[in-house]
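This report describes one protein chain in plain terms. Look at the fold first, then at the details.

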Amino acid sequence: GFGPFGEHTTNASWVAVQELQKLGLGEEVDLYVYEIPVEYQKVLDLIPSLWKRHNPQLFIHVGVSGMATTVTLEKCGHNQGYKGLDNRCYCPDNHCCVQGGPDCLESVIDMDVVCNKITDPQLDVVISVSQDAGRYLCDFTYYTSLHLSHGKSAFIHVPPLGKPYTAEQLGRALQTIIGVMLGVLEHPTAKINCQMGH
């Protein structure tokens with residue numbers, strides 16, 4: 001999850017991840033949660049160190065989108081177009097994540113398959129799929145992670161708390177989605193470099 005920024009003085013992503021931590025993912029899954037500052041340089045420092053420390057099977061990022069009304073599975077991260085200032089009033093000089101990297105990197109997790117496999121009647125949230133994580137810290141973090149992991153990353157956007165979901169609903173949604181993602185990970189079908197126009 002991410003820390004506060006702008007109008008999001010309480011970041012729904014961090015609250016949802018804390019709910020997920022309470023619920024867990026089962027005894028076979030080690031779950032590590034971190035609050036990521038909304039700062040480009042912190043992302044560039046922290047994401048590689050977390051990868052090195054944990055060497056995870058899958059690195060899942062959760063962010064808030066003020067425009068979202070669904071829980072959104074992001075298909076890909078983008079390398080270019082980062083012009084929004086972070087919490088330190090900074091943006092990358094070259095407006096990109098990885099100099100010379102591909103324009104777009106896609107997760108090895110097929111988000112359409114994940115979305116279609118979620119059939120839990122107890123899950124009272126709407127789940128959708130997107131190809132645009134927003135060209136701000138969420139997208140920047142996702143691309144950075146996808147690049148380091150060779151596609152073994154995922155990104156989930158949640159709406160702000162109460163618009164329309166509670167923290168508990170978001171935590172249960174994350175638990176279900178991640179469970180399905182881990183199942184799908186055993187049968188990856190996605191290409192790492194996406195060739196779509198964005």
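Accessible areas come from the Shrake-Rupley method with a 1.4 Å probe, and for residues only the protein chains shown count as cover. On this basis the protein chain exposes about 9800 Å², of which carbon and sulfur atoms supply 50%. The model is predicted, so to speak of local features a pLDDT of at least 70 is needed, side-chain atom pairs count only at pLDDT 80 or more, and totals for chains, interfaces and linings use all residues. Residues are numbered from 1 along each chain as its sequence is written, and side-chain values use heavy atoms, with hydrogens and water left out.

**Overall fold**

Helices (H or I, at least four residues) and strands (E, at least two) are DSSP runs, numbered from the N terminus. The protein chain has five helices and six strands, in the order α-α-β-β-β-β-α-β-α-β-α along the sequence. The radius of gyration, taken over C-alpha atoms, is compared with a globule rule of 2.2 Å times the number of residues to the power 0.38. For 198 residues a compact globule would have a value near 16 Å, and the 15 Å of the protein chain agrees with this.

**The core**

Buried means under 20% relative accessible area, exposed over 50%, and partly exposed in between (1.4 Å probe, protein chains only). Buried residues make up 52% of the 198 residues. A nonpolar core is a set of buried Ala, Val, Leu, Ile, Met, Phe, Trp, Tyr and Cys residues joined through side-chain atoms within 4.5 Å. The largest such core has 56 residues, and those with the most contacts inside it include L73, I156 and M181. Its largest share, ten residues, comes from α5. Contact means heavy atoms within 4.5 Å. Leaving aside residues up to four places away in sequence, M181 touches several residues, among them L58, I60, L73 and I156.

**Loop residues**

Two residues other than glycine have a positive phi; both are listed here with their accessibility.

| Residue | Loop | Phi | Relative accessibility |
|---|---|---|---|
| C89 | between β3 (76-78) and β4 (104-106) | near 60 degrees | 61%, exposed |
| H150 | between α4 and β6 | near 55 degrees | 59%, exposed |

P164 lies in the loop between β6 and α5, and the peptide bond to P164 from K163 is cis, with omega near 5 degrees. V29 is in the loop between α1 (12-23) and α2 (40-54). V29 is partly exposed, at 26% relative accessible area. V29 and L182 are 153 residues apart in sequence, yet their C-alpha atoms are 9.5 Å apart in space.
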